[in-house]
Amino acid sequence: MQYDLIINGAGPAGLMAAAGAADAGLRVLLLEKFEDISIVRRACCQQFVMDENYEHENIELEPGRIVFPSNGFEVAYAGPLHPITETRFVSASGRTVRFRYADGRPVAVKFDKGRLLAGLLERCLRSGVEYRSGTLATAAVDHGDHVYVHGVHDGRAVKFTAAKLLAADGVNSRTLASLGMNAQRTHFATALCIIYALEGVTGFDPAVMQWHMGMAYGSYAPVILDPSLHGGVADLVVMGSEQQRPEQIFEAFTRTGPAAGRFASARVTGRTACTVKAYTSLPVPWRGNVLAIGDAAAYVEVEVQGALMCGYHAARAVADELLGQGGFERYAAWWRKSFEFNSPEALRVAQGYALVPTYTDEEIDYLFALLEGSPLDGAYGQYKAPRLLWDAIARHSAKIAAGRPGLLEKFSRNAQMTLADTFAHAQKGYV
Ligand SMILES: Cc1cc2nc3c(=O)[nH]c(=O)nc-3n(C[C@H](O)[C@H](O)[C@H](O)COP(=O)(O)OP(=O)(O)OC[C@H]3O[C@@H](n4cnc5c(N)ncnc54)[C@H](O)[C@@H]3O)c2cc1C
């Protein structure tokens, strides 16, 4: 056997797993398709989520390190940080729901992902990980007592063998597809994302992340304006699909939408993009000798902090599994408990996201106007903010019943919706 462990993908999950496994004495090969992982090519807002108990953890950002107290580990990071203290949901007519902590602590903190990954790679190399960049893993085959990974490097076919394999190649994992491990998952949709870096946006507050919600903005998904790490530059996050291309959304949002005035003198200084295949998560993220970690096994994303946690636990899982001590099953139990998308509550998340186009712009204006006066608790994550929003709307039920009874009926109809319905409606532009 060439290696104890092969890891496909040097993102935060794969790097963290590689360092941990090598520290545990395993012979580790880490494969990465790109040459230089410190250049962030894939769209990512690069923010730590500071929601309380997010993914069953409350990370602490200390000088030179990120501490994961509940999971019991830390990661070195000495790069820049930029706090965001408020999330805003803004309707077509400008009605605004605010999410912020009463004590003003950040709801999210920007970081430099390229720097974080470069630091983790240095740690891997110091720990003895064999690293092959510029190597695309194309397929894996599990033979029961060993695993083959096939790939391409410099235009030539390459093949490696190991006892165990970690699929850490992200949300569109080729490894899992080649092994047939996505067969039981529902594929909801494929999103196309572009993040535009923009200079010259007016009325832009670098402590605020603003979600624009309404068809008037030209998009079914929220269009998000948030600060970049570079002073004076804003990032505009646009999520579309083949039917509704992100470039068209960008044109509509910045030229004709309700917020267009702020972009009159804006100039695009950079862009990153990615495709995201939204599958249901893998409740049992392993089969045979293969464990899927990070986004590869997730419903859309675990976020960088979640990926680091996956990598940390995966390294231990592989070491235990090699000793016949059920490491993969223990990892699976941790995975199911730690990530909210593994719970039935995910339906409410879908409803939170599904404001557009499930509700008309006028309905969203009405609902946001009800909540405008009193800020909700601090939230950034894709679970807490929709939950707080719908809880707050529910507190106005009597008023809504009196003024807009049809809307209450619509709530209860939509409460029956599954995630698949939600995506189907978004693709059809249903209102
Ligand atoms: C628009 C957008 C905004 C986001 N914003 C945030 C945010 O603000 N904060 C946050 O924490 N997270 C954010 N995320 C999510 C975050 O980027 C991911 O959850 C996180 O990076 C997952 O880490 P991972 O290691 O599982 O996968 P990835 O980071 O995707 O890493 C996978 C690695 O595998 C490599 N790879 C892929 N295929 C192959 C192959 N076949 N062979 C070899 N190598 C391969 C890739 O090049 C990459 O290096 C965002 C995502 C999107 C799409």
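Mentor: Let's start with a working rule: two strands count as paired once DSSP finds at least two bridges between them. This is a predicted model, by the way. Take strand 5 (residues 65-68) and strand 6 (residues 73-76): they pair in the antiparallel sense over four bridges.

Trainee: Okay, which residue is the bridge partner of arginine 65 in strand 6?

Mentor: That's alanine 76. Now look at the link: strand 5 and strand 6 form a hairpin with four residues between them. In that turn, glycine 72 has a positive phi of about 80°.

Trainee: How do I read a bigger sheet? What is the order of the seven strands in the open sheet?

Mentor: Go across it strand by strand. Here the order is 9-8-16-17-18-15-19, with mixed pairing. Strand 9 and strand 19 are the edge strands, each pairing on one side only. Ignoring direction, neighbouring strands in this sheet are turned by 20° against each other on average.

Trainee: And the side chains, where do they go?

Mentor: As a general idea, side chains in a regular strand alternate between the two faces of the sheet. For a pair inside this sheet, try strand 17 (residues 223-227) and strand 18 (residues 233-240), antiparallel over four bridges. There, proline 227 stands opposite alanine 234 of strand 18.

Trainee: Which strands does helix 4 lie across?

Mentor: Helix 4 (residues 246-255) lies across strand 15, strand 17 and strand 18, and runs at about 125° to strand 18.

Trainee: Let's zoom out. Into which domains is the protein chain divided?

Mentor: Domain 1 (3-46 + 112-185 + 281-341), domain 2 (83-109 + 187-278) and domain 3 (346-428). The C-alpha centres of domain 2 and domain 3 are 20 Å apart. Their contact takes 24 residues from domain 2 and 24 residues from domain 3. On the domain 2 side, strand 8 (86-90), strand 9 (96-99) and strand 15 (187-199) each give two or more residues, and strand 9 has the largest share with four residues. That side divides into 14 nonpolar, seven polar and three charged residues.

Trainee: Last one: which residues come nearest to the ligand?

Mentor: Of the 35 residues around the ligand, Gly9, Gly11, Cys45, Gly170 and Gly294 come nearest. Then ask who supplies the shell: domain 1 and domain 2 each give at least three residues, and helix 5 gives the most, with four residues. By character, the shell splits into 19 nonpolar, nine polar and seven charged residues.

How values were computed: Residues numbered from 1 in each chain as written. Predicted model: local features only at pLDDT ≥ 70, side-chain atom pairs only at ≥ 80, totals over all residues. Near = placed C-beta within 6 Å. Nonpolar A, V, L, I, M, F, W, Y, C, P; charged D, E, K, R; others polar. Domains from an automatic or database assignment. Contact = placed C-beta atoms within 7 Å. Axes fitted to C-alpha atoms, helices over the stretch in contact; angles between N-to-C directions.
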